[in-house]
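Hi everyone, thanks for coming. I'd like to walk you through a protein you probably haven't looked at before, so have a look at the picture and stop me whenever you like.

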Amino acid sequence: MPLCIPMYLTSKVVVSLVGCSFRQLQYWRRKEIIVPAINPSGSGYNVYYDEQNIIDIFILHYLTLRGYVLRAAVKVLKLIKVFNNNSLITKSVTDILVVW
């Protein structure tokens, strides 16, 4: 059985990976739309995001780029999580979003 090592990324890495701005990420964190996996009350480099956070950030960024207001994008994200039993969003769900 392979060893599963969790991956945690800093805000700087997440911003460069997803393509959103650092200010967007800060705003989403301040509004508690995205809650970092490690040190949620911290700021800057001492905040770390896990895989679920990165997927959520990607979906929010994708939807806002497509013209969704933030409130609607958050509702879509919540619906996806309910649809997926609040577990890690699978690749097939994100594929549907990209096509959508």
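**A short tour of the fold**

Let's start with Tyr48. Leaving aside residues up to four places away in sequence, Tyr48 touches Tyr8, Leu9, Thr10, Pro36, Ala37, Ile38 and Asn53. Tyr48 sits in strand β2, which covers residues 48-49. Is Tyr48 buried or exposed? Neither, really: Tyr48 is partly exposed, because its relative accessible area is 30%. If you want another distance to hang on to, the C-alpha atoms of Tyr48 and Val35 are 9.6 Å apart, and those two residues are 13 residues apart along the chain.

Before I go on, a word of caution: what you see is a predicted model.

Now let's step back to the whole protein. You can find 5 helices and 2 strands in it, and going along the sequence they come in the pattern β-α-α-β-α-α-α. Of the 100 residues in the protein, 37% are buried. And if you take the contacts with a separation of 6 or more, 54% of them are between residues 24 or more positions apart.

On to the helices. Two packed helices are described by the angle between their axes and the distance between the axes. Take α3, residues 51-65, and α4, residues 70-83: their axes come within 9 Å and cross at roughly 135°. That angle makes α3 oblique to α4, and the crossing is right-handed. Which residues in α3 and α4 meet? On the α3 side we have Gln52, Asp56, Ile59, Leu60, Leu63 and Thr64, and on the α4 side Leu70, Ala73, Val74, Val76, Leu77, Ile80 and Lys81. Sorted by type, the residues of this contact are 9 nonpolar, 2 polar and 2 charged.

Two names from that contact deserve a closer look. Side chains of opposite charge can pair when their charged atoms come close. How many salt bridges does a search of the whole structure find? Just 1. The partners are Lys81 and Asp56, with their closest N and O atoms 2.8 Å apart. Lys81 lies in α4 and Asp56 in α3, so this pair ties together parts that are 25 residues apart in sequence. As for Asp56, that residue is buried, because its relative accessible area is 4%.

Helix α3 has another neighbour to talk about, and that's α1, residues 11-18. The axes of α1 and α3 are 10 Å apart, and the two helices pack at an angle of about 45°. They are therefore oblique to each other, and this crossing is right-handed. Here Val14, Leu17 and Val18 from α1 meet Ile54, Ile57, Phe58 and His61 from α3. This contact breaks down into 6 nonpolar residues, 1 polar and no charged.

One last stop, and it's a bit of a curiosity. Most residues other than glycine have a negative phi. Glu32 is not a glycine, yet its phi is positive, at about 60°. Where is Glu32? In the loop between α2, residues 22-30, and β2. Glu32 counts as exposed, because its relative accessibility is 63%.

So that's the tour. If you take one picture home, make it the salt bridge between Lys81 and Asp56, with Lys81 in α4 and Asp56 in α3. Happy to go back to any part of it.

Definitions and conventions
Residues numbered from 1 in each chain as written. Predicted model: local features only at pLDDT ≥ 70, side-chain atom pairs only at ≥ 80, totals over all residues. Heavy atoms only, no water. Axes fitted to C-alpha atoms, helices over the stretch in contact; angles between N-to-C directions. Helix = DSSP H or I, 4+ residues; strand = E, 2+ residues; numbered from the N terminus. Parallel < 35°, antiparallel > 145°, perpendicular 65-115°, else oblique. Left-handed = near helix turned anticlockwise from the far one by under 90°. Contact = heavy atoms within 4.5 Å. Nonpolar A, V, L, I, M, F, W, Y, C, P; charged D, E, K, R; others polar. Salt bridge = Lys/Arg side-chain N within 4 Å of Asp/Glu carboxyl O. Buried < 20%, exposed > 50% of the residue type's maximum accessible area, 1.4 Å probe, protein only.
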